[in-house]
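This report introduces a protein structure to a reader who has not met it before. Please keep the sequence and the model in view while reading.

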Amino acid sequence: MVLYTSPFPNSFLSLLHSFSWGLIFPCYWLADRLVASFVPTTYEKRQRADDPCYFHALCIIITTPIYLALLVASLPFALIGFLLWSPLQSARRPYVYSRLQDKNHANGATLLTEWKAAGSGKSFCFGSANVCLLPDSLARFNNVFNTQARAKEIGRRIRNGASRPQIKIYIDSPTNTSISAASFSSLVSPQGGENNTNRTVNAGIKRTTSMEYKGDNSGSNNSEDGREDKGGAGEQNEGEENSCIVRINGEENGHMSDAEADTVNGQAHASGPAEPSLEGDAEISKTPNHKQKDGDSGSLDSYSASRESLVKVRVGDGTVDQSAVNNKLLYKASIMKKTSVRKKKHTDETFDHEISAFFPANLDFLCLQEVFDKRAAEKLKEQLHHYFEYIVYDVGVYSCHGCCSFKFVNSGLLFASRYPVMDAAYHCYPNGRGTDSLASKGALFLKVQVGSTPQDQRIVGYISCTHLQAIAGDTTVRCEQLDMLQDWLSEFRKSTSSSSTANPEELVAFDVICGDLNFDNCSSEDKLEQQHSLFTRYKDPCRIGPGEDKPWAIGTLLDPEGLYDEEVCTPDNLQKVLESEEGRKGYLVYPTSKNHSSSQKGRKASLKGNGRRIDYMLYTEEGLYLEWKVEVEEFSFITQLAGLTDHLPVAMRLMVSTGEDDP
């Protein structure tokens, strides 16, 4: 299957399309700005409340007649452009495939060789987020604004979180069954060794906040060219090889053994390529916690490391005095005052789960929804290409082509990958209703190559990204769309498979579905979707059964009215709030109820559960290579996009186990 690298089959049609859109754009932009000036966000309302001179109201009075006059003047040109633009959409391709051209930063081919060296298997990390990148006037109805700037910042935050080094600290202590504060704030400073196979951790294990860490690229905070000159992007994308592992064991007498002391003193070893040392000693920054500067997790160019995301704690044999560990690790009590209800593992859970202030390190695949604005999509793509080599964007159809009703915007889907994309296909849902029918919502199906066997058999995976009908009460529409999703996926796998049972040329490692399904697993109004056959074939790591989520799962839909509250406007603050039940009740949207008012606040006692979880990550064990086993290794709810969107991103890491020998 050929991947489309341009929206039109030839340059003449592309030029004609650019000309027609150039005639339409002034009218579109003026209308967008005119409407946006009358739809303020809560952030803008608070700013205007401090304006005694009513300066903004005066600006609206002056600019509105100007906008209206220019809008009327641009209408004839927009009409001519529309008459050219609309028929051209019949020749438009359903997506645009972009591959990073800079060979110095491209490492997709290198990643394919990791499978052979892995032996017993390999893990893959998937992320999904609804980023609400609509035209600015429409985005304001969700209480977010400045779409172009948000797109750039979203891209930066995602790649900053994913490209940071992955640090794991294992503490063997049966007396500590939860993720301790000491574990969360431990960071190590990797030093370059004399060879590329081993490196020694420096003696600096110190207490630090998530704001105080800067990654290898921090030397050029505001210059994209500066980052590229470092040439570190390719090295950081080498997956698990960049993990730094520290093990702390415990003894029954409560004292640390010599081996533990060596670990604390920096004598832990980890395999992987040499990395540049962090700036200065282990305690890199002395920036006060309350100030947000270049290293702040909420800043644009943050390469900071989240204590929750970087550190993973495993419980083993032996005991250890926690105070001794804290003293050895220079514990900062003022930093670690948290009322955390998060545990590394639930009593009956088999995988890690957390609320993280950062996207997972070594993120392999990213599925985004509501990237509707084309200019914002270009800015987002440019940022993501600093980490992801392969991107599929501008997905969907326009005008009357391909679907029953007229489509003004595309599907809003975007896919980014560190691994090569082999095939891609898009289908538009034909049964959209209401305002959703104006967008070409549908499903994007992708086949990626993630490795090869010693026998040169390709190892592939399938990823589906979708966004279902959003209007409440349209349960029948969503169920029909889930039926179509399954049928289209089955057809895509058949059409792109080059294997047979007798002669398998490809081995399927995983099959994952990501997206905003616009229903949750606890609302009584969504019972029909909860019992859909999709959940008999695909597994939801957060779900026990229809109508019941696991205790640690939380909602992913934020209350728009509280997006800019000081308590939740930064990743760290939002993370702390969501770790408590009372905090979730104040800032998450909960299942609707006819017995209560629509306002979230003021009725905390009546709310039950952990909010509406409408963003899903599903996986299946069916249709994969028979001798392999797929298990969830981690699941995360992510707060790194705090203040930028009204959804919580989610991430899942799958371990594909192959046994000791490759098949």
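Strands β2 and β10 run parallel and are joined by 6 bridges. Within this pair, Ala129 of β2 stands opposite Leu368 in β10. The model described here is a predicted one.

On its other pairing, β2 meets β21 in the antiparallel sense, over 8 bridges. Here Phe126 is placed opposite Met652 in β21. Strand β21 (residues 650-657) also pairs with strand β20 (residues 629-638), again in the antiparallel sense and over 8 bridges. In that pairing Val630 stands opposite Val656 of β21.

The three pairings are set out below.

| Strand pair | Sense | Bridges | Facing residues |
|---|---|---|---|
| β2 and β10 | parallel | 6 bridges | Ala129 and Leu368 |
| β2 and β21 | antiparallel | 8 bridges | Phe126 and Met652 |
| β20 and β21 | antiparallel | 8 bridges | Val630 and Val656 |

These strands belong to an open sheet of 8 strands with mixed pairing, in the order β1-β11-β12-β10-β2-β21-β20-β9. The edges are formed by β1 (96-99) and β9 (352-356); each has a single partner strand, so one side of each lacks a neighbour in the sheet. On average, neighbouring strands of this sheet are turned by 15° against each other, direction ignored.

How many residues of β2 are buried? The count is 13 of 13, so the strand is mostly covered, buried meaning under 20% relative accessible area. In a regular strand, side chains alternate between the two faces of the sheet. In β2, Gly121, Ser123, Cys125, Gly127, Ala129, Val131 and Leu133 point one way, while Lys122, Phe124, Phe126, Ser128, Asn130 and Cys132 point the other way, and all of them are buried.

Helix α7 (residues 147-163) lies across β2 (121-133) and β10 (365-371), running at about 165° to β2. The helix has 17 residues and reaches 24 Å from its first C-alpha to its last, close to the 24 Å expected at 1.5 Å a residue. Because 15 of the 17 residues of α7 are buried, this helix is largely enclosed by the rest of the structure.

In soluble globular proteins, nonpolar side chains tend to be buried together. In this model the largest nonpolar core has 91 residues, and those with the most contacts inside it are Phe126, Phe365, Phe415, Phe510, Phe635 and Leu654. Strand β16 (residues 506-516) supplies the largest share of this core, 7 residues. Leaving aside neighbours within four places in sequence, the contacts of Phe510 include Phe124, Phe126, Phe365, Tyr462 and Leu654. A second, separate core of 28 residues includes Cys125, Ala162, Leu380 and Ile638.

Is Leu626, in the loop between β19 (615-619) and β20, buried or exposed? At 84% relative accessibility, Leu626 counts as exposed. The C-alpha atoms of Leu626 and Thr658 are separated by 9.8 Å, and the two residues are 32 residues apart along the chain.

For the protein chain as a whole, the secondary structure comes to 19 helices and 21 strands. Of its 663 residues, 58% count as buried. Among contacts between residues at least 6 apart in sequence, 78% join residues at least 24 apart. The accessible surface of the chain comes to about 27,200 Å², and 54% of this belongs to carbon and sulfur atoms.

Technical notes:
Residues are numbered from 1 along each chain as its sequence is written. This is a predicted model: local features need pLDDT of at least 70, side-chain atom pairs count only at pLDDT 80 or more; totals for chains, interfaces and linings use all residues. Side-chain values use heavy atoms; hydrogens and water are left out. Helices (H or I, at least four residues) and strands (E, at least two) are DSSP runs, numbered from the N terminus. Buried means under 20% relative accessible area, exposed over 50%, partly exposed in between (1.4 Å probe, protein chains only). Contact means heavy atoms within 4.5 Å. Accessible areas come from the Shrake-Rupley method with a 1.4 Å probe; for residues, only the protein chains shown count as cover. Two strands pair if DSSP finds at least two bridges between them. Axes are lines fitted to C-alpha atoms, for helices over the stretch in contact, and angles run from 0 to 180 degrees between N-to-C directions. The expected span of a helix is 1.5 Å times one less than its number of residues. A nonpolar core is a set of buried Ala, Val, Leu, Ile, Met, Phe, Trp, Tyr and Cys residues joined through side-chain atoms within 4.5 Å.
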